[in-house]
Amino acid sequence: MTKKQCIAMLLAGGKGSRLKDLTTYTAKPAVPFGGKYRIIDFTLSNCSNSGIETVGVLTQYQPHTLQNYIGDGKYWDLARKNGGITILPPFQSETGDRWYEGTAHAIYQNLQYIESHNPENVLILSGDHIYKMDYNKMLDQHIEKNADVTISVINVPWREANRFGIMNIDADSKRVLDFVEKPKRPKSNLASMGIYIFKWKMLKRYLEIEEKRPFSSKDFGKDVIPAIINDNHQVYAFRFNGYWKDVGTVQSLWEANMDLLSYETNPILQNEEWGIYTRETSQQPFYLDGKADLSQSLVSEGCKVFGKVENSVLYNGVTVSKGAVIKNSVILPNTFIGENVVINRSIIGSDTFIYSNVHVGNTNPFSEITLIGNNQIIKKNRPKQIKGNVV
């Protein structure tokens with residue numbers, strides 16, 4: 001895959017409001033994941049491993065958190081003289097200052113950047129998914145079918161289908177017959193992964209059409225792709241069979257971290273030659289006290305564990321004091337857990353201090369996940385959560 005054949009545009013500007021306190025001061029793709037990574041590491045690593053050397057990263061909400069983290073892209077082997085990573089925030093144009101108003105509008109605002117690379121195809125990606133994927137395989141099918149658009153798809157649980165763009169396809173040809181964004185009553189559970197390959201000329205044409213429509217939401221799933229299908233262009237589905245998780249909610253972020261605790265569902269351990277790269281850290285080694293109890297968990301460098309940790313993910317620099325019990329939980333970086341604290345089915349934000357004897361979370365396996373945000377000081381019990389809000 002060469003730069004001229006395909007470049008990538010990575011949408012990373014969303015606010016991530018469904019992640020609540022975790023994104024108050026952090027762009028959603030920069031939220032920590034898996035002990036030592038950030039969410040965006042997976043998409044950037046996929047680009048690097050797939051040989052895509054030109055990647056535009058479109059930022060908007062809390063853009064400095066991504067700009068500072070990504071830098072020139074060297075940690076993902078994407079620091080190149082020709083191509084490489086380019087951070088693309090909203091900018092002032094002849095018509096004035098404009099924020100990105102939707103996924104399609106964000107790409108429209110950067111048509112000049114794409115034009116400067118003169119690609120045959122443009123790969124549209126999201127920065128908030130956990131997966132390993134060889135984009136070359138999708139591109140090969142795209143070229144073989146002479147597709148105008150190829151959409152990567154995966155079967156999702158029926159109960160979650162209304163969260164995604166859902167489509168019907170011809171079983172033999174893989175041609176997309178129908179595409180509905182977040183339907184109230186899905187007719188299928190075949191979901192768009194938010195990964196598209198467009199012929200460049202087709203993409204440019206429809207973005208310009210959509211920009212002129214007065215009431216358009218300027219969104220790929222709601223506007224651009226349905227319009228292309230309705231005009232009878234060649235739109236095909238590419239089936240993906242590996243691990244993929246949209247971590248846009250507190251529940252799904254917790255579930256994806258829990259998936260890391262089993263070899264069968266851990267995407268990092270699967271296909272290990274397909275590395276996931278991240279910024280280097282200089283943490284001290286992990287310390288496990290002689291009286292500590294650790295089982296079925298992922299514990300990162302710089303952690304100190306004196307208590308009990310079971311079926312949990314601890315990010316770098318976490319301290320679990322004597323008598324503390326952590327179960328079925330995710331503890332983000334540099335958080336201090338005091339003595340005799342009990343935490344269950346929770347996500348605890350970065351740089352948070354929890355006083356001794358506090359109880360957080362709920363032992364009921366059907367309860368919602370309790371979330372405590374970043375930079376908090378917790379002195380009182382937080383036993384349960386109602387509709388996503390810590391109480």
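In the predicted model, Val149 stands opposite Val235 in β14, a pairing that belongs to the contact of strand β10 with strand β14 (residues 235–239), where the two run in the parallel sense over 5 bridges. Two strands are taken to pair if DSSP finds at least two bridges between them, and helices (H or I, at least four residues) and strands (E, at least two) are DSSP runs numbered from the N terminus. The model being predicted, local features need pLDDT of at least 70 and side-chain atom pairs count only at pLDDT 80 or more, whereas totals for chains, interfaces and linings use all residues. Residues are numbered from 1 along each chain as its sequence is written, and side-chain values use heavy atoms, with hydrogens and water left out.

Strand β10 (residues 149–155) also pairs with strand β13 (residues 190–199), here in the antiparallel sense and over 6 bridges; within that pairing, the bridge partner of Ile151 is Tyr196 of β13. Strand β10 is mostly covered, 6 of its 7 residues being buried, where buried means under 20% relative accessible area, exposed means over 50% and partly exposed lies in between (1.4 Å probe, protein chains only).

Two open sheets, each of 5 strands, were identified further along the chain. One has the order β17-β20-β23-β26-β29 with parallel pairing, and its edges are β17 (293–295) and β29 (359–361), each of which has a single partner strand, so that one side of each is left without a neighbour in the sheet. The twist in this sheet averages 5° from one strand to the next. Strand β17 is joined to strand β20 (residues 308–310), to which it runs parallel, by 3 bridges, and Leu294 stands opposite Val309 in β20.

The other sheet follows the order β18-β21-β24-β27-β30, again with parallel pairing, and its edge strands, β18 (298–299) and β30 (370–372), each pair on one side only. Strand β18 pairs with strand β21 (residues 313–314) in the parallel sense over 2 bridges, with Val313 of β21 as the bridge partner of Leu298. Helix α8 (residues 250–259) lies across β21, β24 (330–331), β27 (346–348) and β30, and runs at about 95° to β27; axes are lines fitted to C-alpha atoms, for helices over the stretch in contact, and angles run from 0 to 180 degrees between N-to-C directions.

Two residues other than glycine in the loops that follow strands of this sheet have positive phi values. Asn334, found in the loop between β24 and β25 (336–337), has phi near 60° and is partly exposed, with a relative accessible area of 39%. Asp351, in the loop between β27 and β28 (353–354), has phi of about 55° and is likewise partly exposed, at a relative accessible area of 40%.

Helix α1 (residues 40–49) and helix α2 (residues 63–70) pack at an angle of about 45°, with their axes 12 Å apart. The two helices are therefore oblique to each other, a class that holds the angles left over once those under 35 degrees (roughly parallel), over 145 (roughly antiparallel) and 65 to 115 (roughly perpendicular) are set aside. The contact, meaning heavy atoms within 4.5 Å, is made by Ile40, Asp41 and Leu44 of α1 and by Leu66, Tyr69 and Ile70 of α2. These residues divide into 5 nonpolar, no polar and 1 charged, where Ala, Val, Leu, Ile, Met, Phe, Trp, Tyr, Cys and Pro count as nonpolar, Asp, Glu, Lys and Arg as charged, and the others, Gly among them, as polar.
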